[in-house]
Amino acid sequence: MIFNSNTMQLEFKNALAYLTFNELNKIPNIKHAFSTRLGGVSTGEFTSLNMSFNRGDSDENVTENYKRLCSALGIRYEDLVASAQDHNTTVRRVGEAQKGIGIYKPKDMLSVDGLITNEKGVALVTYFADCTPILLVDTKLNAIGACHAGWRGTVSRIAQITVEKMTAEFGTNPRDIIAAVGPAIGKCCYEVDRPVAQRFIDLELSEAVVRDIGSGKYMVDLLSANKQILMQSGVKESSIVCSDVCTKCNCDLIWSHRATGGKRGGMCAILEIL
Ligand SMILES: [Zn+2]
């Protein structure tokens with residue numbers, strides 16, 4: 001395994017590996033990470049750090065994986081609260097009362113693709129395998145947001161909806177947001193058919209995100225699309241950092257749905273105000 005990135009670093013703690021952005025590490029009182037496949041207890045197609053509860057792995061193993069990741073990051077397992085993602089655009093404000101939901105308490109909502117909070121010690125958990133993780137930090141009002149943008153979420157502007165929800169709930173000015181667009185399937189590997197490509201063309205973004213490679217196939221740049229949508233939402237370009245780590249190209253390190261043919265675990269993104 002060779003890891004090469006200009007925007008993210010691979011960190012190791014207690015034999016567990018995770019990825020971070022320096023731009024977010026620099027913000028005081030914020031902790032974040034993206035899990036890898038390395039350092040967990042799951043076996044078979046979930047080897048070894050699987051953070052997805054609903055794909056056939058045992059709950060015991062996934063729970064232990066969360067505990068190990070929390071221990072490596074210095075985050076309390078009790079503080080985790082997870083989304084309930086289904087490629088829609090509901091963004092939920094969570095706090096102390098929601099801790100544990102989707103991790104050690106049952107889900108109480110069916111469709112939650114984004115989470116926001118302004119409470120300390122509430123660790124937002126979203127999960128991925130090729131889809132785009134987006135983390136948002138309002139550095140002025142100390143509020144955070146996380147969302148899941150696959151192709152459906154991206155073209156439905158979940159990134160913008162999450163920014164707008166932070167504004168509505170906390171008074172966030174988008175210009176105070178530092179945004180990270182995390183590891184997802186890159187434009188090198190994300191091939192789609194015409195109907196999906198057309199949805200991206202219909203976004204009318206200023207920089208093209210669709211490349212025609214012939215025979216009815218197109219390559220789409222999910223990360224650039226989300227970056228441009230964040231900019232349209234008022235986030236400054238200089239405040240957005242994008243991963244250059246393609247999940248499919250790095251499938252030994254990070255969960256990729258396409259690279260594994262769907263036989264896979266999941267990666268999670270964690271974001272918390274300390
Ligand atoms: Zn790739």
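What follows is a walk through the fold of a single chain, from its overall build down to a few individual residues. The model is predicted.

To start with the whole chain, seven helices and 15 strands are found in it. Its C-alpha atoms fill a box of roughly 45 × 45 × 35 Å along the principal axes. For 274 residues, a compact globule would be expected to have a radius of gyration near 19 Å, and the chain's 17 Å agrees with that. Half of the story is on the inside: buried residues account for 50% of the 274. Sequence-distant pairings matter for the contact count too, as 64% of the contacts with a separation of 6 or more link residues 24 or more positions apart.

Nonpolar side chains in soluble globular proteins tend to be buried together. Here, the largest nonpolar core takes in 84 residues. Leu 124, Val 125, Ala 179 and Ile 270 have the most contacts inside that core. Ile 270 gives a feel for how the core is put together: with neighbours within four places in sequence left aside, its contacts are His 32, Ala 33, Leu 73, Ile 75, Ala 123, Leu 124 and Val 125. Two of these partners, Leu 124 and Val 125, are thus also on the list of residues with the most contacts in the core.

Next comes a sheet. Six strands make up an open sheet with mixed pairing, in the order E5-E6-E9-E8-E10-E14. Strand E5 (91-93) and strand E14 (240-242) sit at the edges with a single partner strand each, so one side of each has no neighbour in the sheet. On average, neighbouring strands are turned by 15 degrees against each other, direction ignored. At the E14 edge, strand E10 (residues 177-181) runs parallel to E14, and three bridges join the two. Within that pairing, Val 181 has Cys 242 of E14 as its bridge partner.

Lying across several of these strands is helix H4 (residues 158-170), which covers E5, strand E6 (114-117), strand E8 (132-138), strand E9 (143-149) and E10, and runs at about 155 degrees to E9. The 13 residues of H4 reach 18 Å from the first C-alpha to the last, close to the 18 Å expected at 1.5 Å a residue. Its buried residues are Ile 158, Ala 159, Gln 160, Ile 161, Thr 162, Val 163, Lys 165 and Met 166. Just after the helix, Gly 171 takes a positive phi of about 80 degrees.

A further set of strands centres on E13 (residues 217-220). In a regular strand, side chains alternate between the two faces of the sheet. That pattern shows up in E13, where Tyr 218 and Val 220 are on a covered face while Lys 217 and Met 219 are on an uncovered one. E13 has antiparallel pairings with strand E11 (residues 191-193), over three bridges, and with strand E12 (residues 210-214), over four. Glu 191 stands opposite Met 219 in the first of these pairings, and Asp 212 stands opposite Tyr 218 in the second. E12 and E13 form a hairpin with two residues between the strands, and Ser 215 there has a positive phi near 55 degrees.

Some loops hold backbone oddities. Ala 15, in the loop between strand E1 (8-13) and strand E2 (16-21), has a phi near 65 degrees, positive although the residue is not a glycine. Ala 15 counts as exposed because it has 10 C-beta neighbours inside 10 Å, and the cut-off for that class is 12 or fewer. Asn 29 tells a similar tale in the loop between helix H1 (22-25) and E3: its phi is positive, about 70 degrees, and it is exposed, with 11 other C-beta atoms within 10 Å. Further along, the peptide bond from Thr 47 to Ser 48 is cis, with omega near -15 degrees. Ser 48 belongs to the loop between strand E3 (30-35) and helix H2 (59-73).

Finally, Ser 256 shows that a loop residue can be buried. It is placed between E14 and helix H7 (257-260), and it counts as buried because 25 other C-beta atoms lie within 10 Å. Leaving out residues up to four places away in sequence, Ser 256 touches Ala 129, Asp 130, Ile 185, Thr 247, Lys 248 and Cys 251. Ile 27 is 229 residues away along the chain, and the C-alpha atoms of Ser 256 and Ile 27 are separated by 29 Å.

Technical notes
Residues numbered from 1 in each chain as written. Buried ≥ 20, exposed ≤ 12 C-beta atoms within 10 Å, placed from the backbone. Pairing = 2+ DSSP bridges. Axes fitted to C-alpha atoms, helices over the stretch in contact; angles between N-to-C directions. Contact = placed C-beta atoms within 7 Å. Expected span 1.5 Å × (residues − 1). Rg over C-alpha atoms; globule rule 2.2 N^0.38 Å. Core = buried A, V, L, I, M, F, W, Y, C linked by C-beta atoms within 7 Å.
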